[in-house]
Amino acid sequence: MAEDRQARRYPPNLQGVLQLAVEAGSAAEGPAPVEPMSEERKTWLTDALAEVCKGQMDEVEQMKRCLAVLCQEGMSEREREGEDERDEEEEDERETALEMLSELCENLDNARDLMTLGGLDLCVSQYLIHAQSGLRWRAAQLIASCAQNMPQVQVHLYSIGVLPKLLQLTDSDSNPTVRVKALYAVSCLVREQEAGLQAFLSNDGFSVLMRGMQSDNEKLRTKSAFLLLSLLTAYPEQKDTVVSMGMVQQLVSVLRTPHSPFHEHVLGALCCLVEDCPEGLRDCRSPALALEELLRQRSRELQGKDESQEELDFCERLKVICFRGQQSDDNGMDR
């Protein structure tokens with residue numbers, strides 16, 4: 001077996017990979033006679049491989065052109081004198097550049113290249129705080145695209161202080177789209193990332209989520225509740241911190257607002273806060289909250305609605321944890 005592994009040769013480059021794929025495809029059809037490759041086929045393969053490499057280089061060039069457009073924002077007022085009539089056109093160009101970068105950086109290699117080119121620093125220092133909301137939310141979208149599943153980029157973004165800026169935008173920006181996109185970028189930076197979580201905690205991130213769930217922006221409420229549930233699931237050690245903030249009372253008050261699909265995530269978060277968390281359980285059982293009756297009413301409303309099955313499951317689970325057997329618990333304490 002060891003000799004087989006030693007004899008096996010792996011392709012060292014793209015040409016070798018392509019040849020291996022051709023051979024593998026032919027193997028299913030049985031052994032084929034070995035024939036020298038024609039010059040025509042060699043030329044075709046070489047050109048095809050060149051196009052693959054050229055495509056990657058073209059994307060780097062596209063990013064450089066986008067950055068050149070974005071860097072024009074730094075021109076002095078004197079340089080821009082007499083060009084006020086072009087402001088709207090230039091804003092459109094910058095928005096397009098940010099959108100193109102976001103699309104290109106779905107490719108992780110491009111995200112790393114953009115970081116190396118200084119594009120993320122430019123985005124954070126100049127466009128997250130731009131006066132035009134269309135540029136702010138596109139900058140947040142770009143950060144989210146680059147940060148997904150890319151620890152090297154995430155570490156760089158932490159180092160240039162992006163998280164406090166994103167949380168501030170989520171919390172208080174005047175434009176609803178900016179708030180939603182900023183929270184999306186926050187989620188890409190903190191979910192299952194210990195360093196991101198610590199930065200989130202040091203900037204009072206849970207309070208930002210709490211206020212997000214109380215906003216009049218439906219998308220922001222939904223994303224805030226979902227991120228809270230995700231963080232409590234991934235980091236159960238944070239339950240005590242969240243409960244001490246009065247989160248149970250706040251979540252119950254959210255449940256008393258007109259029903260919305262995001263209540264599913266709110267109930268899920270409450271379930272997290274009562275499991276293996278005595279303080280959370282005690283808060284939910286407080287007579288002042290009247291949570292038991294609220295859950296009974298919600299269960300009746302959700303019965304028979306297939307689209308609300310998960311919410312109903314959370315509701316029933318919360319009732320069981322909090323109130324089934326509570327009477328016997330109380331009697332035991334009295335004794």
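In this predicted model, the contact between α11 and α12 is made by V186, L189 and V190 on the α11 side, which meet G196, L197 and F200 of α12. Sorted by class, this contact comes out at five nonpolar residues, one polar residue and no charged ones. Helix α11 covers residues 176-190, and α12 covers residues 194-202. Their axes sit 7 Å apart and cross at about 130 degrees. Angles of 65 to 115 degrees would count as roughly perpendicular and those over 145 as roughly antiparallel, so α11 and α12 end up oblique to each other.

Helix α11 also turns up in the largest nonpolar core. This core has 89 residues, and α11 supplies the largest share of them, with nine. The members that touch the most other members are I143, L166, L189 and F200. Two of these names are familiar from the helix pair: L189 of α11 and F200 of α12 are both part of that contact. As for L166, setting aside residues up to four places away in sequence, its partners are L128, A140, I143, A182, A185, V186 and L189.

I143 is a partner of V124 as well. V124 belongs to helix α7, residues 119-127, and with a relative accessibility of 3% it counts as buried, because the cut-off for that is under 20%. Along the chain V124 and I143 are 19 residues apart, while their C-alpha atoms are separated by 8.3 Å. Beyond the neighbours within four places in sequence, V124 contacts I143, L157, I160, V162 and K165.

Further along, α13 (205-213) is followed by a loop that leads to α14 (218-234). Eight of the nine α13 residues are buried, so this helix is largely enclosed by the rest of the structure. The buried set consists of G205, F206, S207, V208, L209, M210, G212 and M213. In the loop itself, S215 is buried too, at a relative accessible area of 13%. Not counting neighbours within four places in sequence, S215 is in contact with R179, L220 and R221. Of these residues, R179 falls within the span of α11, whereas L220 and R221 fall within that of α14.

P278 tells another story. This proline is in helix α18, residues 278-284, and its relative accessibility of 56% makes it exposed, since the cut-off is over 50%. Between P278 and D240 there are 9.0 Å in space, C-alpha to C-alpha, for a separation of 38 residues in sequence.

Taken as a whole, the chain has 21 helices and zero strands. Of its 335 residues, 42% are buried. Among contacts that link residues at least 6 apart in sequence, 71% join residues at least 24 apart.

Confidence varies along the chain. The mean pLDDT is 85, with 76% of residues reaching 70 or more. Residues 1-13 have pLDDT below 50, and this stretch makes three contacts in the model beyond its near neighbours in sequence. Residues 327-335 are likewise below 50, with one such contact. Where pLDDT is low, the predicted coordinates should not be read in detail.

How values were computed. Residues are numbered from 1 along each chain as its sequence is written. This is a predicted model: local features need pLDDT of at least 70, side-chain atom pairs count only at pLDDT 80 or more; totals for chains, interfaces and linings use all residues. Side-chain values use heavy atoms; hydrogens and water are left out. pLDDT is the predictor's confidence in each residue, from 0 to 100. Contact means heavy atoms within 4.5 Å. A nonpolar core is a set of buried Ala, Val, Leu, Ile, Met, Phe, Trp, Tyr and Cys residues joined through side-chain atoms within 4.5 Å. Buried means under 20% relative accessible area, exposed over 50%, partly exposed in between (1.4 Å probe, protein chains only). Helices (H or I, at least four residues) and strands (E, at least two) are DSSP runs, numbered from the N terminus. Axes are lines fitted to C-alpha atoms, for helices over the stretch in contact, and angles run from 0 to 180 degrees between N-to-C directions. Angles under 35 degrees count as roughly parallel, over 145 as roughly antiparallel, 65 to 115 as roughly perpendicular and the rest as oblique. Ala, Val, Leu, Ile, Met, Phe, Trp, Tyr, Cys and Pro count as nonpolar, Asp, Glu, Lys and Arg as charged, and the others, Gly among them, as polar.
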